[in-house]
Each structure stands twice: as C-alpha cells, then as structure tokens.
Amino acid sequence: MSQQRKALLGKMAQVSGLTLFSRFLGVIRETLLVRYFGVGVLSDAFVMAFKIPNFFRHVFAEGALSAAFIPEFVKLVKQDKKQTANSLMTQAFLFFEGIVLCMYLFVLLKAEWVIKIIAPGFGVEQVSAAVPFLRIMFPFLLFISSSALLTGALQSVNHFFIPAAGSALINIVVISTLAACLTFNLVPKWLCVGFVVAAFIQFLSHLFAYFYFDFSFAPLTQKAKESFKAVLARFLPCFLGVSVFEINLFVSSVVASFLPKGSVSLLYYSARFMNIPLGIFAIGLSTILLPHFSRLVLYAPRRLSFYLIEVTKFVTWAIVPSMMLLMYIAHPLFTFLLGKKGTPEQMQQGAWLLALYCAGLVFLCLNKILLNMFYALKDTKSASFVSGVCAVINIVGDIVGMYFFGAAGIAAANGIAAASMTAACLYFLHTRHDFRFHIVDYARFLSRFGIQLAIGSILFWSLLQLALMVIVRFEILAFFAQGIGFCFISIGLGLALMLLMFFTRRWYGIKSYFLG
C-alpha cells in the first residue's frame, strides 16, 4: 500500500470513526428530544426554530464557506505563505462573522416574521412557540461558523481530529442538557441555551488547536486581500452547490409545514437517521478528499478521473448494505424512538419516510464528493448549475409529492433530485474536464458486488432468524425480540457481515483503491 493511500485511509478511518460516535450520540439526542417534546406542536416549533441556525451552519459555515476557503488556505500553506494565510483568516473572520452578527440582529427584531416565512403553514400556536426558541438559539451559528473557518486551517496541515470530534462534543453537551431538562422538568428555553453553550465549547476547542499548530491572526495585507477576493468569488456559487442537500431538506420542511401537526418532526427524525451512513462514509470521505483534491489539482489534475471511479465503487460497496439495513429496521427504530409519545400510525409513517430517504443515499453520498471535485478544479459554474437544477427538481417534487402523497412524496422527491444531480455532475465532469468514468469497469464491479451482497443478505437473514429462535426459547432475551433490542441485534449482525464482506472481497474479485 502506498504511503499516500495509507495516509488517506488512516485519516478517513479517524474521521469516520468519530462521525460514527457522533451519530450514535445523535440517536440518543433525538430519542431524548422526543421524550421531552413528543410529536406535535412543540416539537414542530423547536425543529423549525433550530433548522434556521442549523441550516445556515451547513450552507454558510460548514458547506459553502469550507468549499471556498479551504482550497485557498491550502494553497497559501503549500506555498509557505503562512503569514498571508494568517492574515486571510483575520479578514475572513471579520467579514463572515460580521454577516452572522447582522443576521442575528435581524432575527432578534423580526423573529416572528422569519418563522412565518420559513413555515407558512404554521398556526398561531406553533409560531408563538417557535419565536423564543429561534431568538435564543441563533448565536449557535456564530460559534459554529467560527469553528468552520478554523477547521480550514487545521485541515490544511492534515489535522482532522478536532473538527471531526466537534459534533460529538456538541451532542454530549446537548444530551446532558436534555437529561437535566427531563430530570428537573425545565422549560424548553434552557435546552436552547444548551445548544448555544455546546457550540461555544466546540469553538474553544478549535481555537486552541488553531494556536497549537502555530497559526495566528495577523494584520490585513494586500496579498491576503487578493486571496480573500478569490474566496469570495467562489463563495456565492458554492453557497448553492455544496449545500444543496441541506437546502433541499430545508425546503422540504417549509412545504411540510402545510401538512398535519407532527409531519415536520417525522421528516426531521427520518432525515437524521438517514444521515448516519451519510455522515460516516460520505462526509468522512469528502472531508479528507477536499484538501487532497486541492493539492492534487496543483500537480496531477488528470488523476482525478481515477478517484472518480474508485470513490464510486467504495460508496456503492459501503452504502448499499447500510441502506438495506436501515430500511429493514426502520419500523422497530421508530417504535422505540416515539415510544408512548407517538401513535402506531406515526411509527409506521416514520418508517416509510426513512425507507424513502434511504433510497437516494448512494446518490447523496456521491454528490458530496463529486462537488468537491468541481471546487478543487475551481469550476464553480458547473457546480452551481447542477445544484440549481437539483434544487428546482426537489422543489417541484416536494410540492407535487405533498399534494398527492403527503410527507411520503416529500421524502421521495429528495432521492429523485439527488439522482438527477449525480447524472448532471458526471455529465459536466466528462464534457468540461474530460473525465472518464470507465463504465465497463464499474459494471464488472457491480456484478461481483451483487453476488457478494446476495450471499451476505441470505447469511444475514438466516443468522437473524436463528437468533430470534433462541430469543423465543429463552425469555430472558426477550428484549432483543422487538423495538430497540431488535435494532441492536440486527445492527450487530450487519456490522459483523460488513467485516466479513470486507475480508472476503477478493474472493469475489472486488478491487477498489479505498478498500485496499
């Protein structure tokens, strides 16, 4: 194994492992949220109020800002212009955090107006509940966006641990706050404060790491101003492109506000579960590959074609089994999540929504990495165009889907839009950058992977039925027969079989750069 591949896989394993831990904590967080709010007026109000700072966190801070900022910062560090990089950081902080502060002042003054715009279907009770939530939680964005800027510097020196651990840190603080709220029967405003405190602690950890790696905040220079102009030139096109997934989910919530109470919450929880494999594989891989692609473009841009086919193979191999497992455990998962707070109809609806979201997982994962290729190539026009097409398809699909199928139509529209975006990305990479996808190679991979997956699925089903027979025989194990216990045993078997599939991949002739 080459040193470069070994380093990439090591970093990816580190980020994915921390993301897995964070997603596990996220499941605990969402479970406690349901126990605290239930599924109805208050939960819908909280979800929409939190969606605003969280949406801008993804599209403004962790999405567009990272995609525009990291390549420029990496270039300066690679050229040994650290002082200019420090000056660029100062200018970026002043500009972007100034925008966030202006947004916060607007939200303080016009919170009710903002809620009515983003949730036009909300009634008076839901709007009144959401307004104080929004006012308290919006500073969450200030600290998160600051952390996103510092992340760019840390990734330029190949440090991924602190940024990857940030989400887990936030979840730990929020879970602690939720536990306190449930134990002492605290009002929801304290939970909102907990989210802000969590973001502030994450910011402090990033700031410490930033100074630890000998970065600083230098006075503004002319060279830094020129670099910042390059960042701004990419930022607006990136705003739509890299964040299209979050934009689509946000639009889906706006449309869902016209549906019966609880629909916004069910769509939110379904998307959160779908985000588990998305975060572990796609976000972990794209986080590592963006700075790597940015360096690769400087000396070997033609090699990106190789990464295109190898990333597609890896995403297919990792995501399809994860998608199938999530679909299989969707109903017991929502049975546990909603518990006594939900109705059987809501549990069934949540399971269907999760299954529909999962149907588009492979395309969602690929899109995050394909867009990074455009940004590494500094082709923001293509990225913006394909993202715009995807957004339009999603909006039309949401409205049509809601009209005919309710919340299920909204979830299905997300997958259709994602598949359309993947096709558009591949088309523009081929026509504008002469990428080769190697269809024959991928078809050969799919045929071999299909055989491996079929055998693995049969083995999974057989072992699960055997385990259930043992559970029925011994009542002490009844916990594993349904609900979260059934999910545990299914996930455990699924992970064991994924490991088996990894170690036996060569038996089926499966080869991929990212699988070794």
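Hi everyone. Helix H18 gives the largest pocket 12 residues of its lining, the largest share. Before I go on, please keep in mind that this is a predicted model.

Let me stay with that pocket for a moment. Its volume is about 1600 Å³. Fifty is the number to remember for the lining: of those 50 residues, the closest to the pocket centre are Leu 20, Ile 280, Phe 281, Ser 322 and Leu 495. Which helices supply at least two lining residues each? They are H1 (3-37), H10 (263-299), H11 (304-328), H12 (330-338), H17 (439-473) and H18 (483-503). And what sort of residues line the pocket, by class? The lining has 40 nonpolar residues, with 8 polar and 2 charged ones besides.

Now, one of those helices deserves its own slide, and that is H11. H11 runs for 25 residues and spans 36 Å from its first C-alpha to its last, close to the 36 Å expected at 1.5 Å a residue. There is a bend along the way, though. Where does H11 bend? At Ile 319, by about 25°, and a proline, Pro 321, comes within four residues after that. Is H11 mostly covered or mostly uncovered? Mostly covered: 21 of its 25 residues are buried.

H11 also brings us to the charged pairs. As a general reminder, side chains of opposite charge can pair when their charged atoms come close. In this model the count comes to 8 salt bridges, and I'd like to walk you through three of them.

Start with Lys 313 and Asp 441, whose side chains meet in a salt bridge at 3.2 Å, N to O. Lys 313 sits in helix H11 and Asp 441 in helix H17, so this pair ties together parts that are 128 residues apart in sequence. The two partners also differ in how they are covered: Lys 313 is buried, with a relative accessible area of 5%, whereas Asp 441 is partly exposed at 26%. Which residues make up the salt-bridge network here? Glu 310, Lys 313, Asp 441 and Arg 444 are linked in it.

The second pair is Lys 116 with Glu 112, where the side chains form a salt bridge at 3.3 Å, N to O. Both residues belong to helix H3 (residues 82-118), and they lie 4 residues apart, about one turn of the helix. How exposed are they? Lys 116 is partly exposed, with a relative accessible area of 47%, and Glu 112 is partly exposed too, at 43%.

The third pair is Asp 434 with Arg 436, and here the N to O distance in the salt bridge is 2.7 Å. Arg 436 counts as partly exposed, at 40% relative accessibility. Asp 434 is worth a second look. Where is Asp 434 placed? In the loop between helix H16 (407-433) and H17. Its phi is near 60°, a positive value in a residue other than glycine. Asp 434 is partly exposed as well, with 34% relative accessibility.

Another aspartate belongs in this part of the talk. Asp 214 has a phi near 65°, again positive in a residue other than glycine. You will find Asp 214 in the loop between helix H7 (188-212) and helix H8 (222-241). Is Asp 214 buried or exposed? Exposed, with a relative accessible area of 58%, and the cut-off for that word is over 50%.

Two shorter stops before we finish. The first is helix H4 (residues 124-137). H4 has 14 residues and reaches 20 Å from first C-alpha to last, close to the 20 Å expected at 1.5 Å a residue. Which residues of H4 are buried? Gln 126, Val 127, Ala 129, Ala 130, Val 131, Phe 133, Leu 134 and Met 137.

The other stop is Met 274, which is found in helix H10. Met 274 is buried, with a relative accessible area of 0%. How far apart are Met 274 and Asn 86 in space? Their C-alpha atoms are 38 Å apart, and the two residues are separated by 188 residues in sequence.

If you open the model after the meeting, you could begin at H11: you will find the bend at Ile 319 there, and Lys 313 with its partner Asp 441 in H17. Thanks for listening!

Notes:
Residues numbered from 1 in each chain as written. Predicted model: local features only at pLDDT ≥ 70, side-chain atom pairs only at ≥ 80, totals over all residues. Heavy atoms only, no water. 1 Å grid on protein atoms, 1.4 Å probe; cavity = no way out; pocket = protein on both sides within 12 Å on 5 of 7 lines; lining within 4 Å. Points joined across faces, edges and corners; volume = space filled by probe spheres on them. Nonpolar A, V, L, I, M, F, W, Y, C, P; charged D, E, K, R; others polar. Expected span 1.5 Å × (residues − 1). Bend = angle between axes of the 7 residues up to and from the residue. Buried < 20%, exposed > 50% of the residue type's maximum accessible area, 1.4 Å probe, protein only. Salt bridge = Lys/Arg side-chain N within 4 Å of Asp/Glu carboxyl O.
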